[in-house]
Amino acid sequence: MTLKTRLLIAVTAALAASGIARAAHNINCNDPYETDVSAIFYNVDNEYDDFKDFIEDHTGVNLQSCFENRFKDNGDVRCTNLSTGLIGYSIPGDDHIKIDTGWLGGLPQSTDADQKFRRACIVGTMAHEFAHSCFSTEARAELIDDAAFGWWQQRFDATGYFSNCPQN
Ligand SMILES: [Zn+2]
């Protein structure tokens, strides 16, 4: 391990311990979504190999380094009112995605169980849009988002049903 790598790990650990998202990620959302997205980046990053294996096993898709980099390094999430009826938005080749605040506002947030299940829905949406940002087709993005949702469910024992969660 190089000194540079050790320093990066130390800095990352310090940021995680203080509850701040990694420096390379940008999140522009209001709470509780800022905290949700930050927790998603933190957990997927920490357990990326397991996340990747789960998705690949359930989809038959080989996840590319672009997708890994979105979750571990350069993913940029902006919560905004899309006003299009769509949940998310992305541009192939661009590391930023948008998540609709109208959709987010309809996800229940009364209990701890709601928080776990809400994050499963949000990680599904992030995976869907990051997949598109890495040039995935709609069919492939759908497979990946279902599997990302499933990984979060089993990892955090997130159970429930939200009528507006596309992975239900
Ligand atoms: Zn799509």
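**Figure 1. Overview of the predicted model.** The protein contains seven helices and four strands, and the model shown is a predicted one. Read from the N terminus, the elements follow the order α-β-α-α-α-β-β-β-α-α-α. The protein has 168 residues, of which 37% count as buried. Among contacts between residues at least 6 apart in sequence, 59% join residues at least 24 apart.

**Figure 2. The open sheet of four strands.** The strands are arranged in the order β1-β2-β4-β3, and their pairing is mixed. Strands β1 (26-28) and β3 (88-90) form the edges, and each of these two pairs on one side only. From one strand to the next, the twist averages 15 degrees. Helix α6 (residues 112-133) packs on the sheet and touches β2, β3 and β4. The direction of α6 makes about 20 degrees with that of β3.

**Figure 3. Strand β2 and its two partners.** Strands β1 and β2 run parallel and are joined by three bridges. Within this pair, I27 has V77 of β2 as its bridge partner. Strand β2 (residues 76-80) also pairs with strand β4 (residues 96-100), again in the parallel sense, over five bridges. In this second pair, R78 stands opposite K98 of β4, and T80 stands opposite D100 of β4.

**Figure 4. The two faces of strand β2.** Which residues of β2 point to one face and are buried, and which point to the other and are not? The side chains alternate along the strand: V77 and C79 are the buried residues on one face, whereas D76, R78 and T80 point to the other face and are not buried. The bridge partner V77 therefore belongs to the buried face by the criterion of 20 or more other C-beta atoms within 10 Å.

**Figure 5. The largest nonpolar core.** This core has 38 residues, and those that touch the most other members are V123, M126, F130, I144 and A148. At least two residues of the core come from each of α2 (33-46), α3 (48-59), α4 (65-74), β2, β4, α5 (101-105), α6 and α7 (138-156). Helix α6 gives the most, supplying nine residues. A closer view may be centred on V123. Apart from its neighbours within four places in sequence, V123 is in contact with I40, V44, A148, F149 and W152.

**Figure 6. Helix α4 against helix α6.** The axes of these two helices come within 9 Å and cross at roughly 130 degrees. Because this angle is neither over 145 degrees nor within 65 to 115 degrees, α4 is oblique to α6. The crossing by which α4 passes α6 is right-handed. On the α4 side, the residues involved are F67, R70 and F71, and they meet F130, A131 and S133 of α6. F130 is also one of the core residues that touch the most other members.

**Figure 7. Helix α3 against helix α7.** Here the helices pack at an angle of about 130 degrees, and their axes are 9 Å apart. This angle makes α3 oblique to α7. Helix α3 passes α7 in a right-handed crossing. F51, F54, I55, H58 and T59 of α3 meet L143, I144, A147, A148, G150 and W151 of α7. I144 and A148 also appear among the core residues that touch the most other members.

**Figure 8. A cis peptide bond before helix α2.** Which two residues does the cis peptide bond join? The bond lies between D31 and P32, and its omega is about 10 degrees. P32 is placed in the loop between β1 and α2.

**Figure 9. Two residues with positive phi.** F135 has a phi near 75 degrees, a positive value in a residue other than glycine. This residue is found in the loop between α6 and α7. Is F135 buried or exposed? F135 is exposed because 12 other C-beta atoms lie within 10 Å, and a residue counts as exposed at 12 or fewer. D157 likewise has a positive phi, near 50 degrees, and is a residue other than glycine. The place of D157 is in the segment after α7. With 9 other C-beta atoms within 10 Å, D157 is exposed.

Conventions. Residues are numbered from 1 along each chain as its sequence is written. This is a predicted model: local features need pLDDT of at least 70, side-chain atom pairs count only at pLDDT 80 or more; totals for chains, interfaces and linings use all residues. Two strands pair if DSSP finds at least two bridges between them. Axes are lines fitted to C-alpha atoms, for helices over the stretch in contact, and angles run from 0 to 180 degrees between N-to-C directions. Two residues are in contact if their C-beta atoms, placed from the backbone, lie within 7 Å. A nonpolar core is a set of buried Ala, Val, Leu, Ile, Met, Phe, Trp, Tyr and Cys residues joined through C-beta atoms within 7 Å. Angles under 35 degrees count as roughly parallel, over 145 as roughly antiparallel, 65 to 115 as roughly perpendicular and the rest as oblique. A crossing is left-handed if the near helix is turned anticlockwise from the far one by less than a right angle, and right-handed if clockwise.
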